[in-house]
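Me: I would like to go through this model with you, one question at a time. Please reason each answer through before you settle on a value or a name.

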Amino acid sequence: MVGSEQSYQPDIEYRFTLAEISRCCGVTDEEILLLVAEGVLNPCEPTGHEWQFDSGDLSRAMSALRLERDLGINPAGAALAIELLDEIQRLRDRVHLLEALVFQR
Amino acid sequence: MDYKDYYAVMGVARDATQDDIKRAYRKLARKFHPDVSKAADAEVRFKELGEAYEVLKDAEKRAAYDQLGRDWRAGQEFRPPPDWDAGVEYSGGGFNERGQAGYSDFFESLFGRAGGFQAGGFARAGQVRARGEDHHSKIDVSLEDAFNGATLSLQLRVPEYDAQGHLRERPRRLQVKIPRGVTSGKRIRLTGQGGAGHSGGPAGDLYLEVWLRPHPVYQVEGKDVFVNLPITPWEAALGGKVQVPTLGGRVDLNISAGARSGQRLRLKGRGLPVAGEPPGDQFAVLQIMTPPADSPEAKALYEKMASEMSFNPRAHLGG
């Protein structure tokens, strides 16, 4: 059946405008602006152009918005949660790496 | 279909107050939220919890649910009585704030299908021309494929409403070219491969979040690759040339005399490639292995070392 499957070339480096990332997340521009104000999202601003968000911003925005909705927290709370979750993930990865290097075999 | 005990899911008594229920929900939601919890079943638990809360937080739905009686057991085969919700009025709407996948058959048989579920929260409004929903999925990629690039055949489960209006998962196979140098957490995008557009609107996009599968030999941190490199005591003491596996093939590595366990030797640029950036490095972490004294000759060598070398690794411990 492999022959019948279509093959797709994905986009790797892509950017969103404010309107696009808002649409992607299903929220208004204002909700995205709140996350920018809290530093969850870091759009780059090429001179003379509008903000550009990257795929990392999309992941963080979706995560923050889910946390806001599901846990009843505000953007500042979501920002704190995201930072702490990132830090926990970094530490977990580090522990995992060190354990694998030290205790292997 | 199975009966669901929403009180048990939320861990509250049947006579719990609305405040108790809200508190229990918030507490469990923080625990099982898929963005917070790393537990494998977090998503399932969170969905169950959301469904239970959807019913118990709403006085009308809770009353209707309570009316089924308390003799049911979770998982028991369930069929709603024909006139089960007679006399209960629904104000309608107000379902779902989560925009996630659908509720269980049990829920839908009692309360109908919740509307407005589309990811991204777009209402499917009649004949309005609208863009299709974006779909998001995760894919596992082997480290070798991430390093070399590969065409992977994927099977995705696409949520879809069937003719009866139930949310179902349809399997979909597709081939995707995984670019060289993807790293964990990277979201690649297939334009126009998401949900179909409505009334002639464009299709949504499909986003695939890449996760690197754990590798038996290599550990990965960002774009750097680590490998545990066992060496002999004489290689450590005298130095020497050893071969190290890297994702791009074996390379020679010079170990200088006096190497220590845990020492990291860098192989510059031998990590994962990243578009538009210098590639990552590989680190060989030395581990000195002691040969077993499993023959009279080996034993004699160790005894000779013991008598002729004044080596005390515990000197700094005062021993």
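Me: In which sense do S1(A) and S3(B) pair, parallel or antiparallel?

Reply: This is a predicted model, and the pairing is read from its coordinates. S1(A) and S3(B) are joined over 2 bridges, and in one listed partnership A:Tyr8 is matched with B:Val176 of S3(B). The sense in which S1(A) and S3(B) pair is parallel.

Me: Among the elements of chain A, which has the lowest mean pLDDT?

Reply: Chain A as a whole has a mean pLDDT of 89, with 93% of its residues at 70 or more. Among its elements, helix H2 (residues 29-37) of chain A has the highest mean, 96. Where pLDDT is low, predicted coordinates should not be read in detail. The lowest mean pLDDT among the elements of chain A, 84, belongs to strand S1 (residues 7-8).

Me: Which residue of S3(B) is the bridge partner of B:Leu152?

Reply: S2(B) and S3(B) run antiparallel and are joined by 12 bridges. They form a hairpin with 5 residues between them, and B:Gly165 in the turn has a positive phi of about 85 degrees. B:Val176 of S3(B) is also the bridge partner of A:Tyr8, and the partner of B:Leu152 in S3(B) is B:Val176.

Me: Which element supplies the largest share of the side of chain B that touches chain A?

Reply: The contact takes 36 residues from chain B and 30 residues from chain A. On the side of chain B, helix H2 (18-32), strand S2 (150-161), strand S3 (167-178), S4, strand S6 (218-221) and strand S7 (224-231) each supply at least two residues. That side divides into 12 nonpolar, 12 polar and 12 charged residues. The largest share, 5 residues, comes from S3(B).

Me: Which helix packs on the sheet that has the order S6-S7-S11-S10 (chain B)?

Reply: The sheet is open, has 4 strands and shows mixed pairing, with S6 and strand S10 (264-267) of chain B as the edge strands, each pairing on one side only. Neighbouring strands are turned by 30 degrees against each other on average, direction ignored. The packing helix touches S6, S7 and strand S11 (282-288) of chain B, and its direction makes about 155 degrees with that of S6(B). The helix is H4 (residues 75-103) of chain A.

Me: Which residue of S7(B) is the bridge partner of B:Tyr218?

Reply: S6(B) and S7(B) run antiparallel, and 4 bridges join them. Within S7(B), the residue that partners B:Tyr218 is B:Val227.

Me: Is B:Tyr7 buried or exposed?

Reply: B:Tyr7 lies in helix H1 (residues 6-10) of chain B. Leaving aside residues up to four places away in sequence, B:Tyr7 touches B:Val12, B:Ala13 and B:Arg14, while its C-alpha atom is separated by 10 Å from that of B:Ala24, which is 17 residues apart along the chain. Because 22 other C-beta atoms lie within 10 Å, and the cut-off is 20 or more, B:Tyr7 is buried.

Me: Is B:Ser199 buried or exposed?

Reply: B:Ser199 sits in the loop between strand S4 (187-190) and strand S5 (206-212) of chain B. Most residues other than glycine have a negative phi, yet B:Ser199, which is not a glycine, has a positive phi of about 50 degrees. Because 11 other C-beta atoms lie within 10 Å, and the cut-off is 12 or fewer, B:Ser199 is exposed.

Methods
Residues numbered from 1 in each chain as written. Chains lettered and ligands numbered in written order. Predicted model: local features only at pLDDT ≥ 70, side-chain atom pairs only at ≥ 80, totals over all residues. Contact = placed C-beta atoms within 7 Å. pLDDT = per-residue confidence, 0-100. Nonpolar A, V, L, I, M, F, W, Y, C, P; charged D, E, K, R; others polar. Pairing = 2+ DSSP bridges. Axes fitted to C-alpha atoms, helices over the stretch in contact; angles between N-to-C directions.
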